[in-house]
Amino acid sequence: MREIPVIDLKKQYESIQLELDEVISRVLASGSFILGAEVTAFEKEFAEYCGISYAIGVASGTEALQLALLACGVGENDEVIVPAHTAVATISAVEATGAHPILVDIDLARYALNPDLLAQAFTSRTRAIIPVHLYGCAADMNPILQFAREKNLFVLEDCSQAHGALYQGRKVGSWGDIAAFSFYPTKNLGAFGDGGAVVTDNPDLAEKVRILRQYGWKEHYVSSVKGINSRLDELQAGILRVKLTHLDAWNNRRRKLASLYYELLTGAGVILPQQPEDSQHVFHQFVIRHPRRDALRAFLKERGIHSLVHYPIPIHLQPAYADLGFHEGSFPITEAVSPEVLSLPMYPELEEEKLRLVCRVVGDFLQGGCGPSPELFS
Ligand SMILES: Cc1ncc(COP(=O)(O)O)c(C=O)c1O
C-alpha cells in the first residue's frame with residue numbers, strides 16, 4: 001500500500017542534498033566541532049531572520065527555555081504561567097529551574113494561552129509568562145505583554161513550533177523579553193539532531209544565556225556562575241545555516257498546502273484551524289478536530305495515511321504531573337480539545353495529489369466510513 005507519512009525528512013534532505021553534503025564535509029574537514037565559526041555565523045543569521053539583536057545557539061528547545069528563564073533570574077519559589085495545552089517540554093523546562101509551573105487554559109482561536117485567564121493565575125510569586133505559539137500560530141501577544149508590564153513579569157515566547165510566524169506583521173520571538181526555539185528535526189527549521197536557540201534584544205540577558213550555556217564560563221575554565229552544558233554543535237549549526245535560507249519558501253509552501261486543506265475540507269464536518277487576522281500562521285501542524293478522532297485516525301491508517309495527536313493527554317492529567325495540584329475539570333478547553341485534535345500530513349514536500357487523497361479519505365469517513373477501500377491506494 002502507498003503510504004502517506006505525516007512528515008518526510010528524507011525527501012527534504014534529497015531536495016537540498018548537495019548544499020547539505022557540502023556543509024557537512026566542510027565542518028568535518030575543519031576539525032572544529034563545538035562553538036566555532038558555524039555557530040557564530042548561524043547565531044548572526046538567525047538573529048537577523050528573527051529581526052532581533054542576539055541569538056545564542058544551545059543544545060535543545062527545552063534547554064533554550066530553561067536557560068532563558070535562568071537568565072531572567074527565575075528559580076526556586078518562583079511561579080511561571082504556562083498554557084495547559086503544550087508540549088511537555090514547556091513545563092519540564094520551568095521545573096528544571098526549580099520554579100513552579102502554573103497552568104492556564106487556552107483560547108480556541110489559536111490553541112494558545114488565553115490572556116483573559118492571566119489575572120486569576122497571578123500571585124505574588126509569579127515571575128514570568130510563557131506564551132507558546134502552538135502549531136505555528138502566534139499567541140495573542142498584546143494583552144499578554146500588557147499584563148506582564150503591569151505586573152512586572154518577564155515574557156518568554158516559546159517559538160518551538162513557529163519559526164517565521166508573524167504577529168501583527170512582526171516575527172514571533174521579537175515580542176517578549178526573550179524567546180526560545182527548538183531545532184528538533186521535525187520543526188519548520190530542524191537540525192539533524194537536537195538543537196535550540198535563545199533570542200533576545202536585551203544584551204544583558206543574551207550575555208547571561210551565553211555564560212550559562214557553558215558551565216557559567218565568562219572565560220574558559222572560570223565559572224563566574226553555576227551553568228550547564230548546553231551547546232549547539234558545529235555540524236548542526238552548519239546544517240541550520242543551509243536550511244535557514246529555505247525556511248521562507250518552505251513556510252510559504254506549508255501555507256499553500258494549508259489553503260488546499262481549507263478548500264477541500266471546508267464544510268466536510270471537521271473543525272479546521274483558525275487563522276487570526278493579526279497572525280501569519282506557518283502550519284507546523286495542520287490540526288483538525290473531530291469528536292470521533294480515534295476512529296478517524298484508524299480509518300486513515302488503514303488506508304496508509306498517517307496522522308499524529310498533539311497532544312493526547314493534557315499535562316495536568318499525566319501521572320508525572322499529578323503534583324502540580326490540578327485535576328480533571330481544571331482546564332475545560334484543554335480537556336475538550338485533547339480527545340479531538342488530529343494533525344494531518346503537513347510538510348513542504350507533500351504532493352498536492354497526496355493531500356487531495358487525505359481529504360478524500362477524511363470526507364469518506366465523515367460520510368459513513370465505508371468509502372474507498374485500502375486497495376484503492378495500492
Ligand atoms: C512547544 C514546544 N516547546 C518546547 C519544545 C522542546 O524542544 P526540544 O525537543 O528541542 O527540547 C518543543 C519540541 O517538541 C515544543 O514543541
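User: Is Arg-125 buried or partly exposed, and what is its relative accessible area?

Analyst: Partly exposed, with a relative accessible area of 39%. Keep in mind that this is a predicted model. Buried here means under 20% and exposed means over 50%, so a value between those two gets the middle label.

User: And which residue does the Arg-125 side chain meet in a salt bridge?

Analyst: First the general idea: side chains of opposite charge can pair when their charged atoms come close. In this model the side chain of Arg-125 meets that of Glu-79, at 3.8 Å from N to O. That pair links distant parts of the chain, with Glu-79 in strand 2 and Arg-125 in the loop between helix 6 (118-121) and strand 6, 46 residues apart. Glu-79, for its part, is buried, at a relative accessible area of 8%.

User: Asp-78 sits right beside it in the numbering. Which side chain meets Asp-78 in a salt bridge?

Analyst: Arg-127, with 3.4 Å from N to O. Asp-78 lies in the loop between helix 4 and strand 2 (79-83), while Arg-127 belongs to strand 6 (residues 126-129), so this salt bridge ties together parts that are 49 residues apart in sequence. Asp-78 counts as buried at 9% relative accessibility, whereas Arg-127 is partly exposed at 36%.

User: How many salt bridges does the structure hold?

Analyst: The count is 20. Another one of them pairs Arg-289 with Glu-340, whose closest N and O atoms are 3.3 Å apart. Here too distant parts of the chain are linked: Arg-289 is in strand 15 (residues 286-289) and Glu-340 in the loop between helix 12 (332-337) and strand 16 (341-344), 51 residues apart. Arg-289 counts as buried, at 11% relative accessibility. Salt bridges can also join up into a network, as they do for Glu-22, Arg-26, Glu-38, Glu-45 and Arg-241.

User: Let's zoom out. Into which domains is the protein divided?

Analyst: There's domain 1 (17-102 + 116-244) and domain 2 (247-377). Notice that domain 1 is written as two stretches of numbering. Between them, the two domains bury about 2500 Å², with 60% of it on carbon and sulfur atoms. Helix 5 (88-96), strand 3 (100-104), strand 8 (166-167) and helix 9 (234-244) each supply at least two residues of the side of domain 1 that touches domain 2. Helix 5 gives the most to that side, with four residues. Sorted by class, the same side has 17 nonpolar, eleven polar and four charged residues.

User: How many salt bridges and how many polar contacts cross that interface?

Analyst: Zero salt bridges are found across the interface of domain 1 and domain 2. Polar contact is another matter, with 15 residue pairs found across it.

User: How do I read a helix? Which residues of helix 8 are buried?

Analyst: The general idea is that an α-helix has 3.6 residues a turn, so residues three or four places apart point the same way. In helix 8 (residues 203-212), the buried residues are Leu-205, Ala-206, Val-209, Ile-211 and Leu-212. Their cover includes strand 1 (54-58), helix 4 (61-71), strand 7 (154-158), strand 10 (178-182), strand 11 (196-200) and strand 12 (217-219). Look at the N-terminal end as well: Asn-202 caps it, with a side-chain oxygen 2.9 Å from the backbone nitrogen of Asp-204.

User: Now single residues. Where is Phe-286, and what does it contact?

Analyst: Phe-286 is found in strand 15 and is buried, with a relative accessible area of 0%. Beyond neighbours within four places in sequence, Phe-286 is in contact with residues including Ala-258, Tyr-261, Leu-272, Pro-273, Leu-342 and Met-346. Take Tyr-261: Phe-286 is 25 residues from it in sequence, and their C-alpha atoms are 8.5 Å apart in space.

User: One last one: is Thr-86 buried or exposed?

Analyst: Buried, at 4% relative accessibility. Thr-86 is found in the loop between strand 2 and helix 5, and a polar contact of 2.8 Å joins its side chain to that of Thr-90. Setting aside residues up to four places away in sequence, Thr-86 touches Ile-91, Val-132, Leu-134, Tyr-311 and Ile-315.

How values were computed. Residues are numbered from 1 along each chain as its sequence is written. This is a predicted model: local features need pLDDT of at least 70, side-chain atom pairs count only at pLDDT 80 or more; totals for chains, interfaces and linings use all residues. Side-chain values use heavy atoms; hydrogens and water are left out. Buried means under 20% relative accessible area, exposed over 50%, partly exposed in between (1.4 Å probe, protein chains only). Contact means heavy atoms within 4.5 Å. A polar contact is a pair of N or O atoms within 3.5 Å; within protein, one must be able to donate a hydrogen and the other to accept it, and residues adjacent in sequence count only if both atoms are side-chain atoms. Domain bounds come from an automatic or database domain assignment. Buried area is the accessible area (1.4 Å probe) that two parts lose on being put together, summed over both. A salt bridge is a side-chain nitrogen of Lys or Arg within 4 Å of a carboxyl oxygen of Asp or Glu. Ala, Val, Leu, Ile, Met, Phe, Trp, Tyr, Cys and Pro count as nonpolar, Asp, Glu, Lys and Arg as charged, and the others, Gly among them, as polar.
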